[in-house]
Amino acid sequence: MLSRLLVPVFLAISACSPTLSSYDSPTRAFTADIDLPEMRVFSTPRAQPPARSNAEIARDFLDLTMRMESGRYLPYFTRFEGPITVAVRGTPSPTLTTDLGRLIYRLRTEAGLNITQTSNPDASIVVNATTRKAIQKVLPQAACFVAPNVSTLAEYRLARRTKLTSWSAMRERKKITIFVPTDVSPQETRDCLHEELSQALGPLNDLYRLADSIYNDDNLHTVLTGFDMLILKTIYAPELHSGMNRRQVANRLPEILARLNPAGQRPPGKLQPYTPKEWRENMITALAPGANMGQRLRAAEAALQIAKARNLTDVRMGYNWYAIGLLTERSDPERSFVAFQNAYQYYQANSGTDIHKAQVASRIGSYALRNGNPSMALKYIEPSISAAIKGENAALLSALMLLRSEALMRNGMATDARAARVDSLGWARYGFGSERELKQRLRVLTGFSPL
């Protein structure tokens, strides 16, 4: 199981983007020299229910909960038994406190979990609020991660390769700590909370084939989705308990899912093929630090050939083209533009991909503006703004609004352009944090200064 990981800034749209690792640890004051609008934050969740059949969801459930990212099967199903408590230690930021409370409320109301926040240091789950530097001293590429049976980074450093922190050795979850940075943007901290807290509660795997889940190595979803809430609700169904084997869990799933998700009681669609190991390994090289640009691009191209040969025409093909677009954006803009268009088409051909299309649309819109075509930019950008709102991705929303502002300005709509720009900066404060980071990220994305 991997942690949420760091990648180079040229690959980043939101605060951190995904890669893979070889280990099995589950991983997602403001000063300015100008007047900036107040930070914007999301309020009402807009999670959509899963659209797949229960037969497909049962397969996903087993792969998420009974298998590690390395491919190793887990001998036992594990969860917390009884009420779950969450405590915070370290130096939490104000937004971490707010976002954690909002997440726990969602877990109670949407997933039906008996979970509460406490000040007791012996809580079931401890959120250890620390710094990015401290985390990276232990796991250099990780933005955040989760570990069982330890309380501090020092304890994890000593026990990381022992049975104490082995997920496969557990029969029941009793004590888990998640390590999240608070010296990063509010959105990056929140994204880590969603992924790591939910993995502390349940899934230990990520699946590239899932279009509607945070449990996907592409990290295009940044908050828990309706599918994710159903998975968590199923994990804590009374018919299941810690210590069950895969067959026992599989036998109970049809009845559980029929009760929890009656809309899914229909014949399954075509089952998506498993992700080939070779494709995953090439995508690791393409998107992870450690290789030069030429090596990354060759790896992405090799992955594309595998995807075509294995008929991975779902979100994986879209993500593969998206990676090629990112990797060629500076060296070969025209090729990058074609790659982004291909990615958009594959995402459009698959359901549940609004946030995926919005990410690609921001790149296509940027290219259109740089090439003097504001009308084309608006064609892609305007439908994508609602997707960024539903997905609660403030960094992406800010970028889309800024691109829209620039397009409107070039179309002679100065008043609307100024309003869109001010609104975009309010979201940017949550999505990117400091003014310096805001300028850098948005300039990388759009090609011009946001301020």
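1. Let's start with Tyr344. In this predicted model, Tyr344 has a relative accessible area of 14%, so it counts as buried, the cut-off being under 20%. Its home is helix H11, which spans residues 333–348. If you set aside the neighbours within four places in sequence, Tyr344 is in contact with Lys357, Val360, Ala361, Ile364 and Tyr380. You might also look at Trp321: it sits 23 residues away from Tyr344 along the chain, and the two C-alpha atoms are separated by 8.7 Å.

2. On to the cores. Which residues have the most contacts inside the largest nonpolar core? They are Leu107 and Leu201, in a core that has 57 residues. Helix H6 (residues 226–235) supplies the largest share of this core, with 6 residues. There is another core lying apart from it, with 35 residues, and Tyr344 from point 1 is among them, as are Leu312, Leu326 and Phe340.

3. Leu107 deserves a look of its own. Not counting residues up to four places away in sequence, Leu107 touches Gly112, Leu113 and Ile115, then Leu197 and Leu201, and also Leu224, Met229 and Leu232. So the two residues named for the most contacts in the core also touch each other, given that Leu201 is on the list for Leu107.

4. Now the pairing of H1 with H7. Helix H1 covers residues 54–65 and helix H7 covers residues 246–260; they pack at about 145°, and their axes are 10 Å apart. The crossing of H1 past H7 is right-handed. On the H1 side the contact uses Asn54, Ile57, Ala58, Phe61, Leu62 and Asp63, and these meet Arg246, Val249, Ala250, Leu253, Leu257 and Ala258 of H7. By type, that contact divides into 9 nonpolar residues, 1 polar and 2 charged.

5. Ser53 comes up next, in the loop between strand S1 (4–5) and H1. Is Ser53 buried or exposed? With a relative accessibility of 1%, Ser53 counts as buried. Leaving aside neighbours within four places in sequence, its contacts are Gly264, Arg266, Pro267, Pro268 and Gly269.

6. Helix H8 (residues 277–287) has a clear buried side. Its buried residues are Trp279, Arg280, Asn282, Met283, Ala286 and Leu287. Why do they line one face of the helix? Viewed down the axis of H8, the buried residues fall within an arc of 165°, so one face is what they line. As background, an α-helix has 3.6 residues a turn, so residues three or four places apart point the same way. The cover over the buried residues of H8 includes helix H9 (293–309) and helix H10 (315–327).

7. Two backbone angles to check when you go through the torsions. Most residues other than glycine have a negative phi. Asn219, however, has a positive phi, near 55°, and Asn311 has a positive phi too, near 60°. Asn219 lies in the loop between helix H5 (186–201) and H6, while Asn311 is found in the loop between H9 and H10. Their surroundings can be set side by side: Asn219 is buried, with a relative accessible area of 6%, whereas Asn311 is partly exposed, at 43%.

Note on methods. Residues are numbered from 1 along each chain as its sequence is written. This is a predicted model: local features need pLDDT of at least 70, side-chain atom pairs count only at pLDDT 80 or more; totals for chains, interfaces and linings use all residues. Side-chain values use heavy atoms; hydrogens and water are left out. Axes are lines fitted to C-alpha atoms, for helices over the stretch in contact, and angles run from 0 to 180 degrees between N-to-C directions. Helices (H or I, at least four residues) and strands (E, at least two) are DSSP runs, numbered from the N terminus. A crossing is left-handed if the near helix is turned anticlockwise from the far one by less than a right angle, and right-handed if clockwise. Contact means heavy atoms within 4.5 Å. Ala, Val, Leu, Ile, Met, Phe, Trp, Tyr, Cys and Pro count as nonpolar, Asp, Glu, Lys and Arg as charged, and the others, Gly among them, as polar. Buried means under 20% relative accessible area, exposed over 50%, partly exposed in between (1.4 Å probe, protein chains only). The arc is that of the directions from the helix axis to the C-beta atoms. A nonpolar core is a set of buried Ala, Val, Leu, Ile, Met, Phe, Trp, Tyr and Cys residues joined through side-chain atoms within 4.5 Å.
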